[in-house]
Amino acid sequence: MRALFIGGTIDNSEVDLDGQPPAQYPENAGGDTQRYRLFETGRRDGEVAYAVYAAMEMTDAEVERVTAEREYARRFSADETVRQ
């Protein structure tokens with residue numbers, strides 16, 4: 001599964017993750033402040049193909065705009081997307 005980032009210091013970056021996507025990234029930041037929140041997952045054949053993480057300060061509307069612009073669902077051939 002690919003984790004895709006919108007906004008913040010690592011905007012437009014990607015990393016590979018194993019298992020289910022955590023609700024925040026990094027999952028164990030060691031402090032009270034999380035940098036990214038899980039916004040959307042894309043599934044292909046019932047498996048998570050990608051997870052979109054958005055910077056905490058971004059509005060849902062802005063994240064939706066960027067997600068549509070970057071066409072993650074098409075890129076990963078996702079047959080289902082789920083907003084978190």
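**Exercise 1. The loop with Pro-26**

Locate Pro-26 relative to the strands of the chain, and state what the peptide bond from Tyr-25 to Pro-26 looks like.

Solution. Pro-26 lies in the loop that joins strand E3 (24-25) to E4, where helices (H or I, at least four residues) and strands (E, at least two) are DSSP runs numbered from the N terminus. The bond that leads from Tyr-25 into Pro-26 is cis, with omega near -5°. As background, most peptide bonds are trans, and most residues other than glycine have a negative phi. The model is predicted, so that local features need pLDDT of at least 70 and side-chain atom pairs count only at pLDDT 80 or more, while totals for chains, interfaces and linings use all residues. Residues are numbered from 1 along each chain as its sequence is written, and side-chain values use heavy atoms, with hydrogens and water left out.

**Exercise 2. Two positive phi values**

Determine where Glu-71 and Ser-77 sit in the chain, and give the phi of each.

Solution. Start with Glu-71, which occupies the loop between H1 and H2 and has a positive phi of about 50° although it is not a glycine. Its relative accessibility of 37% makes Glu-71 partly exposed; buried means under 20% relative accessible area, exposed over 50%, and partly exposed in between (1.4 Å probe, protein chains only). Turn next to Ser-77, in the loop between H2 and E6, whose phi is near 50°, again a positive value in a residue other than glycine.

**Exercise 3. The overall fold**

Describe how many helices and strands the chain has, in what order they follow one another, and how the radius of gyration compares with the globule rule.

Solution. The chain contains two helices and six strands, and reading along the sequence gives the pattern β-β-β-β-β-α-α-β. The radius of gyration is 12 Å, close to the 12 Å that the globule rule gives for 84 residues, so the chain is as compact as a globular protein of that length; the radius is taken over C-alpha atoms, and the rule is 2.2 Å times the number of residues to the power 0.38. Along the principal axes, the C-alpha atoms fill a box of roughly 35 × 25 × 20 Å. Of the 84 residues, 37% are buried. When contacts (heavy atoms within 4.5 Å) are taken between residues at least 6 apart in sequence, 52% of them join residues at least 24 apart.

**Exercise 4. The nonpolar core**

Identify the elements that give two or more residues to the largest nonpolar core, and decide which of them gives the largest share.

Solution. A nonpolar core is a set of buried Ala, Val, Leu, Ile, Met, Phe, Trp, Tyr and Cys residues joined through side-chain atoms within 4.5 Å. The largest such core has 21 residues, and those with the most contacts inside it are Ile-6, Tyr-50, Val-52, Tyr-53 and Tyr-72. Two or more residues each come from strand E1 (2-6), strand E4 (36-44), strand E5 (47-55) and helix H1 (60-70). The largest share, seven residues, belongs to E5. Apart from residues up to four places away in sequence, Tyr-72 touches Leu-4, Phe-5, Ile-6, Asn-12, Tyr-50, Val-52 and Thr-67.

**Exercise 5. Loop residues, buried or exposed?**

For Ala-78, Pro-21, Gly-19 and Asn-12, decide whether each is buried or exposed, and place each in its loop.

Solution. Ala-78, in the loop between helix H2 (72-75) and strand E6 (80-83), is buried at a relative accessible area of 18%. Leaving aside neighbours within four places in sequence, Ala-78 is in contact with Gly-42, Arg-43, Tyr-50 and Ala-73; from Ala-78 to Tyr-50, 28 residues apart in sequence, the C-alpha distance is 8.4 Å.

The loop between E2 and E3 holds Pro-21, which is buried, with a value of 15%. With neighbours within four places again left aside, the contacts of Pro-21 are Met-1, Leu-38, Thr-41, Val-48, Ala-51 and Tyr-53. Gly-19 is found in the loop between strand E2 (14-16) and E3, and at 55% relative accessibility Gly-19 counts as exposed.

Asn-12, in the loop between E1 and E2, is exposed, with a relative accessible area of 51%. Beyond neighbours within four places in sequence, Asn-12 is in contact with Phe-5, Arg-70 and Tyr-72. The C-alpha atoms of Asn-12 and Val-66 are 9.9 Å apart, although 54 residues separate them along the chain.
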